[in-house]
Amino acid sequence: MLDKQIKAIKEIYREFDKVRVKHKPIIVGKFALTVYTQGMYPANIISLIYPDIPLLEKILSDLGYQRFGDLWLKDDLNVEVSKDFYLLTGMLNQIEVDKEEILNVISLEDLILDMMKYCVEGDDLVCDLVKMIIKSYYKALDFHYMYQRITDRRFIPKIKEYKKLAEA
């Protein structure tokens, strides 16, 4: 399924190339985790964020996707148009796929902070995923950046705990 989802994103990006816009949508949410883990944690919905929602929606429509609320469906593909615009103020990573295309993906640090909202509200599965990300990418993570961007003080003890576990 991941290959089909990546192919769909590449198709969406090609449409953005045709209209000659400088920036392309950013992959966020659980699908960003899917990209970083190369499919180990699959998400059935591709979440994209883009400041010009009408353009993104026009491209999805032109590609044959049908709108159902915030979801756009085509065959067995689901694309969500995210409205979490605060994510646009963070960093992104550009990940090369198939040696031909660059995908814009929310940074790991911003993905962790986004996931922490659910973790501190008691979602143990999300907490375990955050713990796994911090352990797996510990040496690459910019904790200073993360601490600067924390908007909910409840994140701090959890992140410190997971960081300590990763250091052990």
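Helix α2, spanning residues 29–36, is mostly covered, with seven of its eight residues buried. The model you are looking at is a predicted one, and this helix is a good place to start reading it. The buried residues of α2 are G29, F31, A32, L33, T34, V35 and Y36. What does the helix lie across? α2 lies across β1, β2, β6 and β7 (101–106), and runs at about 100° to β1. After α2 comes Q38, a residue with a positive phi, near 55°.

**The sheet**

Those strands belong to an open sheet of seven strands with mixed pairing, in the order β3-β4-β5-β2-β1-β7-β6. At its edges are β3 (66–68) and β6 (92–97), each of which pairs on one side only. On average, neighbouring strands of this sheet are turned by 35° against each other, direction ignored. As a reminder, strands of a sheet pair through backbone hydrogen bonds, either parallel or antiparallel.

Here are three of the pairings side by side.

| Strand pair | Sense | Bridges | Partners |
|---|---|---|---|
| β1 (residues 26–28) and β2 | antiparallel | three | V28 and S47 |
| β2 and β5 (residues 77–81) | parallel | four | L48 and V81 |
| β4 (residues 71–74) and β5 | antiparallel | four | K74 and L77 |

Strand β2 deserves a second look. It covers residues 45–49 and is mostly covered, since four of its five residues are buried. β2 runs antiparallel to β1 and parallel to β5. In those pairings, S47 of β2 is the bridge partner of V28, while L48 has its bridge partner, V81, in β5. Moving on to β4, K74 stands opposite L77 of β5.

**A contact from helix α3**

Now follow the chain to L55, which lies in helix α3 (residues 53–62). Is L55 buried or exposed? With a relative accessibility of 15%, L55 counts as buried. Leaving aside residues up to four places away in sequence, L55 touches F16, V19, V21 and Y50. One of these, F16, is 39 residues from L55 along the chain, and the C-alpha atoms of the two are separated by 8.8 Å.

**Two helices that cross**

Two packed helices are described by the angle between their axes and the distance between the axes. Helix α4 (residues 108–120) and helix α7 (residues 155–167) pack at an angle of about 105°, and their axes are 10 Å apart. The two helices are therefore roughly perpendicular to each other. Which residues make the contact? From α4 come L113, M116, K117, C119 and V120, and from α7 come F155, K158, I159 and Y162. By class, the residues of this contact divide into seven nonpolar, no polar and two charged.

**The disulfide**

C119, one of the α4 residues in that contact, also takes part in a disulfide. In general, a disulfide is a covalent bond between the sulfur atoms of two cysteines. How many disulfides are there in this model? The count comes to one. That disulfide joins C119 to C127, with an S to S distance of 2.0 Å. The torsion about the S-S bond of C119 and C127 is about 105°, so the disulfide is right-handed. Each cysteine can be checked for exposure too. C119 counts as buried at 3% relative accessibility, and C127 is buried with a relative accessible area of 5%.

Definitions and conventions:
Residues are numbered from 1 along each chain as its sequence is written. This is a predicted model: local features need pLDDT of at least 70, side-chain atom pairs count only at pLDDT 80 or more; totals for chains, interfaces and linings use all residues. Side-chain values use heavy atoms; hydrogens and water are left out. Buried means under 20% relative accessible area, exposed over 50%, partly exposed in between (1.4 Å probe, protein chains only). Two strands pair if DSSP finds at least two bridges between them. Axes are lines fitted to C-alpha atoms, for helices over the stretch in contact, and angles run from 0 to 180 degrees between N-to-C directions. Angles under 35 degrees count as roughly parallel, over 145 as roughly antiparallel, 65 to 115 as roughly perpendicular and the rest as oblique. Contact means heavy atoms within 4.5 Å. Ala, Val, Leu, Ile, Met, Phe, Trp, Tyr, Cys and Pro count as nonpolar, Asp, Glu, Lys and Arg as charged, and the others, Gly among them, as polar. A disulfide is a pair of cysteine sulfur atoms within 2.5 Å.
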